[in-house]
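Please open the model in your viewer and keep the selection tool at hand, since each stop on this tour asks you to pick something out before reading about it.

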Amino acid sequence: MQDPLVVHRETHISAPPSAVFALLTDPEKILRWMGTEAQVEPQPGGLYLVNVTGARFARGSFREVVPVHRLAYSFGWDGSEIVPPGSSLVEIDLIEKPDGTLLRLTHTGLPNAEQCAGHAEGWEHYIGRLAQYAAGRDPGPDPWSGRV
């Protein structure tokens with residue numbers, strides 16, 4: 001039985017793991033599919049800070065960085081008492097496939113089912129945009145811009 005307080009997402013991306021990893025760790029490349037500002041230091045203890053919609057900063061720190069294969073970072077929202085900065089954990093594994101990459105995301109440490117549902121929706125949205133961009137398609141302006 002799956003834990004109801006864990007968000008799982010798997011998506012096939014038509015790009016090699018090295019390209020997907022760069023889209024997850026290079027601030028300029030992050031902004032092509034998510035956010036309006038990004039400051040990331042992809043090394044253990046390094047900062048993860050992304051203004052996701054132009055109205056909300058996600059903040060945490062990297063726990064694990066295995067180039068082109070795995071990222072783990074703490075995650076939360078500036079100003080939130082429900083999911084404060086660093087209070088949850090995002091783990092992303094990139095598995096090489098003959099036709100690209102399987103991105104496997106697990107988000108744990110969220111406090112309740114409502115937060116899990118909201119974060120699942122968010123990850124679905126942004127991983128979809130990441131997959132479009134990695135495959136060479138422009139995901140266009142983020143319809144969630146300004147959302148809080």
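Begin with the whole protein chain: of its 148 residues, 43% count as buried, where buried means under 20% relative accessible area, exposed over 50% and partly exposed in between, with a 1.4 Å probe and protein chains only. This is a predicted model, in which local features need pLDDT of at least 70 and side-chain atom pairs count only at pLDDT 80 or more, while totals for chains, interfaces and linings use all residues. Residues are numbered from 1 along each chain as its sequence is written, and side-chain values use heavy atoms, with hydrogens and water left out.

Next, switch to a cartoon view, which should bring out 3 helices and 7 strands; these are DSSP runs numbered from the N terminus, with helices (H or I) of at least four residues and strands (E) of at least two. Followed along the sequence, the elements come in the pattern β-α-α-β-β-β-β-β-β-α. The radius of gyration of the chain is 14 Å, close to the 15 Å that the globule rule gives for 148 residues, so the chain is as compact as a globular protein of that length; the radius is taken over C-alpha atoms, and the rule is 2.2 Å times the number of residues to the power 0.38.

Now select Tyr48, Phe62, Tyr73, Phe75, Trp77 and Trp123, which form one aromatic cluster. The structure holds 7 aromatic pairs, a pair being two rings of Phe, Tyr or Trp (its six-membered ring) whose centres lie within 6.5 Å, with planes under 30 degrees apart counted as stacked, over 60 as edge-to-face and the rest as tilted. Among them is the edge-to-face pair of phenylalanine 75 and tryptophan 77, at 5.2 Å centre to centre and with 85° between the planes, and both of these residues are buried.

Move on to tyrosine 126 and tryptophan 144, another edge-to-face pair, at 5.7 Å centre to centre and with 90° between the planes. This pair links distant parts of the chain, with tyrosine 126 in helix H3 (residues 113-134) and tryptophan 144 in the segment after H3, 18 residues apart. Tyrosine 126 counts as buried because its relative accessibility is 3%, and tryptophan 144 counts as buried at 17%.

Finally, add arginine 147, which lies over the face of tryptophan 144 at 3.9 Å from the ring centre; a charge sits over a ring if NZ of Lys or CZ of Arg is within 6 Å of the ring centre and within 35 degrees of the ring normal. Returning to tryptophan 77, select arginine 56 as well, whose charged end sits over that ring, 4.1 Å from its centre.
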